[in-house]
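Student: Could you take a close look at one single part of this structure with me? I'd like to know what sits around it, and then how it fits into the whole.

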Amino acid sequence: MKPFDGLTFCCTSIPLKLREELSAKISTLGGIHYNDLMSDVNYLIVGNRRTDKYKFCIKNRYDVKFIPPEAIKTIYDKWLEGDEAEGMIDNCILPVFDGFTVCLSRLANHENRLSNESFRNHSRHAINDVFDVTKISAWIQDHGGTVTDSLTVSNSCVVTTETRGKRYLKAIEWEIPVVHPIWVFDSLLREAALDCGDYTLREPDYTYGTGCKVWNKWFQYRGSNPQKEEPATDVVAVKPTKKNRAVWQSIMSNQTSKHPTSHRKNAWDEEEEEADEDVFEDSTSLPRKSDPLQKRDLFINFVFTILGFSSHQSDVITNVIKTNGGRVVDPSTKNITHILVPSKTSNQVSLLLEKLPDSTRHKTVQGTVTIVTEWFVERCLFYGKIVLDSWGIPLKSLMTSTIPFKVCITGFTGIELLHLEKLINYLNLEYCDTLTSDRDLLVFNINVFKTSLAKNSPKLFEYPSNDVVDCPVYQPGSSSVSVTSSKNKIKAAKQWHIPIVSISYIWEIVLQAKLPNIQDLTWCLYAPGTCKPNSMLDYVKSNIETTPKKRRDQSIKFPSPRRNSKRQKFGRIVGRGSPTVTDRLLEESRDEQDDEEHDITNIDELQEDFVGYQDAKSLQESEKLLRKLGG
């Protein structure tokens, strides 16, 4: 059994990069991650409580538990260390007031009807305690919150019973929620922070009974799944342990989490598509990932020897392999089936193989012993089966670019997204999360619009390394690609004259150990007629022009000029050294042809695969259809 077998998860207000990482970890641990809030979701991973998903769950879904993103990382790390970690997730529940900075103002016990709401009889606290500053302050702090006397713009809310005073007036001016102290009481009873909007300070006799619509079901559910109201200090275990397992950071944890940044006019970010598009629907409408293999069966009959890793990295990899049924032996052992080398230095595999006996090296030539990288192990863990493809074998060449050109990607998901990001960094190119006007290259997953692009430019799908080009756009249990975001990035790239290529271009850099011609139609979707100075396209073009005997691909061919037997007597064009009219026409023809050849990303044509999907709801439906069809 894996820790998350039978569990389903959904994220809210989690940046795209972190969401992909969490989705992959959840899948590896046996769980299922949905982009949308399905009826069978067990856990909501909360980045911010001010979202429709959170507000809907806190009010209507008694069966959903709230966890911080760090909980997934912690459980994943424990599992890699060999702990079973089963049931650990219920000890990582998001503290009720985690992240809240509450300003306590005047609290007066006026005549009220708060006790008229019968659900409050289930609390172990007395209702009148909400007017005791000492007690309410302790409640908040014991459950992860911070209490202040003074008010600043960073405060989450103001708790008071009075609609007067400087703090109240400033809170109104700064648009900080002003709530009745019964909000603290009810939130403790619900074991999660209720929506401040339902507790906005009103007339004294108001009962504030609309914060949750499923109290009775919640009490029944809590009775069958008892949980102690633990202080926040007892939940510190959800914080990630020290990150010293460098080699396994790429097992869906390559990037550090980043907080969402404000959108800029000259930037396109994948997170824009996430926004607040929440869908509540039955889970049977989407395909589910098949049940993962049992934890100890994945690498059964596999015998690995590990070369080129640090001792600590080797220990971690050894533990992962053994817990999944494999064996790790010394290089001198005779029955080795796989040699594991680092992906980052796999182009130097010949040096590593010198440590092996001659008989083992001979077996690698014969093909009876397979050389793989840690990416092979990662892909097997991600897909829950043995996956040996171009991604998992040693990279032929890792050219280090002398200039760290800025590269952005779109249309990728799952393990391919994470490995592509690492590959870009290996090549000394700068991977960028966000597309802005100063980027040098946009790498696009052509499978997002496979039908249209295969019709317009079939060469894109004829690249020899088929398993590299064939990147998924949807993976059950993982995140799907946002079609709208991909279109927006393509539009923006063309507006800013940024070349657009398929993943084949990045892979060709690995094979050739140099930057290939961007305008080659094997990978080029768009290349501007004029390139920006000092850009990647400018650099590649200048190198091609200075290379002798290099013919320009896909250029227009004209017949060689022939001398007429009889000289025609025409009027002479003024300006002896100026180009002829024919020269101008030919030059214009070349320019037009270049633009046409190097732009197959006509957005109108791409939209033909999704006719009529104009509003937000229809766009969501189109993405569901894309998932069902598998791209």
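Tutor: What follows is a walk around strand β1, with some stops elsewhere in the chain.

First, some ground rules. This is a predicted model, where local features need pLDDT of at least 70 and side-chain atom pairs count only at pLDDT 80 or more, while totals for chains, interfaces and linings use all residues. Residues are numbered from 1 along each chain as its sequence is written, and side-chain values use heavy atoms, with hydrogens and water left out.

Now find β1, which covers residues 8-12. Helices and strands here are DSSP runs, numbered from the N terminus: a helix is H or I over at least four residues, a strand is E over at least two. Five of the five residues in β1 are buried. In this text, buried means under 20% relative accessible area, exposed means over 50%, and partly exposed is in between (1.4 Å probe, protein chains only). Turn the strand around and you'll see cover on both faces: T8, C10 and T12 are buried on one side, and F9 and C11 are buried on the other.

So who are the neighbours of β1 in the sheet? Two strands pair if DSSP finds at least two bridges between them. On that basis, β1 runs parallel to β2 (residues 32-34), joined by three bridges. Within this pair, F9 stands opposite H33, and C10 stands opposite Y34. To get from β1 to β2, the chain passes through helix α1 (residues 16-28), and this β-α-β crossover is right-handed. You can check that by eye: with the strands pointing away from you, the path from the first strand over the helix to the second runs clockwise.

Then there's β4 (residues 43-46), which also pairs with β1 in the parallel sense, over four bridges. Here C11 stands opposite I45. As a reminder, strands of a sheet pair through backbone hydrogen bonds, either parallel or antiparallel.

Zoom out a little and you get an open sheet of four strands in the order β2-β1-β4-β5, with parallel pairing. β2 and β5 (65-67) stand at the edges with a single partner strand each, so one side of each has no neighbour in the sheet. The twist averages 30° from one strand to the next, with axes being lines fitted to C-alpha atoms (for helices, over the stretch in contact) and angles running from 0 to 180 degrees between N-to-C directions.

Just after β1, look at S13, in the loop between β1 and α1. S13 isn't a glycine, yet its phi is positive, about 55°. Most residues other than glycine have a negative phi, and most peptide bonds are trans. S13 is partly exposed, at a relative accessible area of 28%. There's another positive phi, near 70°, at N301, in the loop between β11 (280-281) and β12 (303-306). N301 is exposed, with 67% relative accessible area.

Next, helix α2 (residues 52-60), whose buried residues are K53, Y54, C57, I58 and K59. Our strand β1 is part of what covers them, along with elements including β4, β5 and α6 (182-190). That cover is judged by contact, meaning heavy atoms within 4.5 Å. C57 has 0% relative accessibility. Its closest cysteine sulfur is in C10, but at 7.6 Å that's too far for a bond. A disulfide would need a pair of cysteine sulfur atoms within 2.5 Å, and by this rule the count is zero.

Finally, the whole picture. The protein chain has 20 helices and 21 strands, and buried residues make up 53% of its 631 residues. Among contacts between residues at least 6 apart in sequence, 76% join residues at least 24 apart. The accessible surface comes to about 30,200 Å², with 48% belonging to carbon and sulfur atoms. Such areas come from the Shrake-Rupley method with a 1.4 Å probe, and for residues, only the protein chains shown count as cover.
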